[in-house]
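Work through these exercises with the sequence and the model side by side. Try each task before reading its solution.

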Amino acid sequence: LITIFRPLMSTSTITSDQIRNIAIIAHVDHGKTTLVDQLLKQSGAFRENQVLEDRAMDSMDQERERGITIKAKNTSVRWGDNVINIVDTPGHADFGGEVERVMNMVDGVMLVVDAYEGPQAQTRFVLKKALAAGLSPIVFINKIDRPNARPMEMHDEVLELFLDLDANDEQFNAPFLYGSAKNGVAIEKPEDSTEGADMIPLFEAILSNVPAPETKDEGGFKMLVSNIDWSDYVGRIAIGKILSGNVNIGDTVWRLRKDKPPQRSKIAKIFEYAALATSEAQQAVAGNIVGLAGFEEVDIGETITSSEQSEALPFVEIDPPTVMMTFSVNDGPYAGMEGDKVTSREIRDRLVREARTNISIKIEDTDKAAEFKVSARGSMQVAVLVEEMRREGYEILISRPTVIKRKIDGKWHEPFETLYLEVPDESVGGCMQSLANRKGQLDSMSAKNGRTFMEMTIPTRGLIGFEFEVLTLTNGEGIMSHLFKEYRPDSGDIRTRHTGTLVSIEKGEAMTYSLSNIETRGKLFVDAGEKVFEGMIIGENPRTEDLPVNPTKAKHVTNHRAAGKDKSEALTPPIRFSLERAIEYIAQDELVEATPQNIRLRKRILDSHARKRAAKKAVDEDN
């Protein structure tokens with residue numbers, strides 16, 4: 001690896017034509033975060049002896065654990081007399097709000113494609129947004145050193161994708177580069193030697209193909225807030241691209257808000273991005289992506305301007321939330337034993353804080369003081385939020401996702417999605433059967449190299465829990481993604497779970513003796529020694545109804561039966577649910593209890609007698 005060093009310069013001396021703003025987009029695990037790491041290293045952003053973690057841009061613990069990018073992040077590299085601002089974007093469709101707001105800040109995109117897997121379903125999602133925004137693309141075919149790499153085939157597949165997504169002539173003629181992000185090399189033709197190669201061709205492609213940001217000379221300082229950060233020292237930081245004028249520390253500016261009067265503020269700090277950190281500056285120039293501090297309150301989508309009379313900038317409409325679930329205070333028997341943030345006020349404050357920095361999540365109060373509605377793009381997005389809250393010491397109950405319906409012309413309509421699915425040929429039958437049960441309609445199908453590609457239209461309800469079913473049906477080889485399509489008339493009843501549950505009728509410690517008997521009725525979710533309570537779901541049974549069981553029953557000791565014999569009995573290892581899987585598994589009358597140490601499944605009403613009365617009342621009301 002050759003490390004290239006270029007002299008660093010102060011951004012306060014640059015002009016807008018020396019700035020390039022680019023987003024890196026790709027499918028999950030195609031190497032975009034690794035590529036950013038290499039651009040940082042080869043631009044001389046780090047000391048020669050500085051120790052760096054792999055995927056340094058994935059700074060959240062969950063990003064490292066899940067192997068995906070969740071939050072869009074800014075960084076910057078200096079190359080010669082130029083500044084290249086880079087935004088690393090999520091590839092998963094649930095985090096589309098992150099992607100869509102990034103498109104306001106950049107003038108070009110770098111599409112990273114795996115040389116073996118090619119453009120995937122989630123590549124399509126982000127690229128569609130970028131092309132529609134009129135951004136100039138650069139294509140980097142990554143991992144050309146991996147076995148069975150097919151760089152030229154991938155070149156053709158990317159061009160087909162550009163055609164599919166209605167790219168204009170300029171976008172269709174995008175430059176292609178080939179290389180290995182892991183090894184830090186980029187070449188112009190796949191047959192070129194990688195011996196002694198580096199990332200210089202990629203830097204040059206960015207400078208020559210991504211236009212400098214368009215700025216306006218008249219109208220004074222103006223910036224659209226596209227992201228929000230937080231500092232314990234200066235509070236909220238508004239992040240965005242300056243569209244016109246310059247701004248200095250101490251300048252008076254105005255927040256232009258929708259349907260509210262302008263609010264005056266003073267710039268306390270200006271932050272510029274450099275490598276994995278920020279640096280303070282005295283002045284920020286038009287075209288640059290910066291962070292501004294000095295606001296008591298500031299939200300995404302607002303305009304920061306030097307004049308109270310300025311017009312607010314339009315903010316891009318993002319895909320609406322399509323699923324809703326409730327967050328509520330943990331009222332279980334073990335509430336407050338693991339977490340230290342358990343009140344409705346603490347939970348509400350945390351949710352409101354999340355909604356301010358995540359524009360695709362909406363929070364609403366309900367008529368119950370301890371319950372809140374959370375609307376989002378998908379269950380993974382909510383699972384990430386809940387996991388963050390667990391780690392911060394919160395205890396919460398989460399309901400199963402329900403779709404957000406709309407009344408159009410007097411009839412209820414529900415959201416539909418376009419589903420992109422890639423599975424091994426031998427798994428097509430099982431996937432088609434499952435999708436038919438979920439009211440999916442096949443739009444197109446094609447097969448290539450032992451893999452079948454399907455495009456379907458399906459109700460959002462039908463997608464809940466399907467990702468895990470795909471992994472089972474395809475032995476882990478299926479790849480899926482989905483895009484919001486439109487609202488259509490309600491498609492009727494969809495049943496996604498065909499099993500009942502094993503519900504505990506006692507509180508206490510689960511015993512090996514009782515669990516070995518219960519195991520004959522179904523699959524267990526708990527192990528011996530775990531705490532259980534009345535109404536807790538401890539397993540699954542193959543029938544559709546729920547079975548009451550007592551997992552706390554110990555062996556009755558007599559002169560003929562020793563108490564210790566059952567301790568040696570081997571139980572089948574219990575099924576363990578991830579948070580996301582648990583949220584999609586539960587039924588409407590069930591909840592997930594998420595605490596810092598446990599994920600439990602339980603009935604909404606814990607008392608078995610009260611549960612029966614509620615079920616009978618619901619039947620009577622239906623009749």
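## Exercise 1: Helix α5

Task: Check whether the end-to-end span of helix α5 (residues 151–164) agrees with its 14 residues.

Solution. This model is predicted.
- Step 1: The expected span is 1.5 Å times one less than the number of residues.
- Step 2: For the 14 residues of α5, that rise of 1.5 Å a residue gives 20 Å.
- Step 3: The end C-alpha atoms of α5 are 20 Å apart, so the two values agree.

Task: Find which residues of α5 are buried, and what phi D166 takes just after the helix.

Solution.
- Step 1: Apply the cut-off: buried means under 20% relative accessible area.
- Step 2: P151, M154, H155, E157, V158, L159, L161 and F162 pass as buried in α5.
- Step 3: Move on to D166, just after α5; its phi is positive, about 60°.

## Exercise 2: A buried pair across the chain

Task: Locate the partners D107 and K241, and decide whether each is buried or exposed.

Solution.
- Step 1: A salt bridge joins the side chains of D107 and K241, at 3.1 Å from N to O.
- Step 2: D107 lies in the loop between α3 (96–102) and β4 (108–114), while K241 lies in strand β10 (residues 235–244).
- Step 3: The two are 134 residues apart, so the pair links distant parts of the chain.
- Step 4: D107 has a relative accessible area of 12% and is buried.
- Step 5: K241, at 7%, also counts as buried.

## Exercise 3: A pair within one helix

Task: Explain the spacing of R350 and E354 in helix α8 (residues 344–357).

Solution.
- Step 1: The side chains of R350 and E354 meet in a salt bridge, 3.2 Å from N to O.
- Step 2: An α-helix has 3.6 residues a turn, so residues three or four places apart point the same way.
- Step 3: R350 and E354 are four residues apart in α8, and therefore about one helical turn separates them.
- Step 4: Both R350 and E354 are buried.

## Exercise 4: A loop-to-loop pair

Task: Place E530 and R576 in the chain, then classify their exposure.

Solution.
- Step 1: E530 and R576 form a side-chain salt bridge of 2.5 Å, N to O.
- Step 2: E530 sits in the loop between β31 (523–524) and β32 (531–532); R576 sits in the loop between β34 (547–549) and α14 (579–585).
- Step 3: They are 46 residues apart and link distant parts of the chain.
- Step 4: E530, at 21% relative accessible area, is partly exposed.
- Step 5: R576, at 52%, is exposed.

## Exercise 5: The wider count

Task: State how many salt bridges the structure holds, and which residues K405 is networked with.

Solution.
- Step 1: The structure holds 26 salt bridges.
- Step 2: K405 is linked with E414, R461 and D490 in a network of salt bridges.

Technical notes. Residues are numbered from 1 along each chain as its sequence is written. This is a predicted model: local features need pLDDT of at least 70, side-chain atom pairs count only at pLDDT 80 or more; totals for chains, interfaces and linings use all residues. Side-chain values use heavy atoms; hydrogens and water are left out. Buried means under 20% relative accessible area, exposed over 50%, partly exposed in between (1.4 Å probe, protein chains only). A salt bridge is a side-chain nitrogen of Lys or Arg within 4 Å of a carboxyl oxygen of Asp or Glu.
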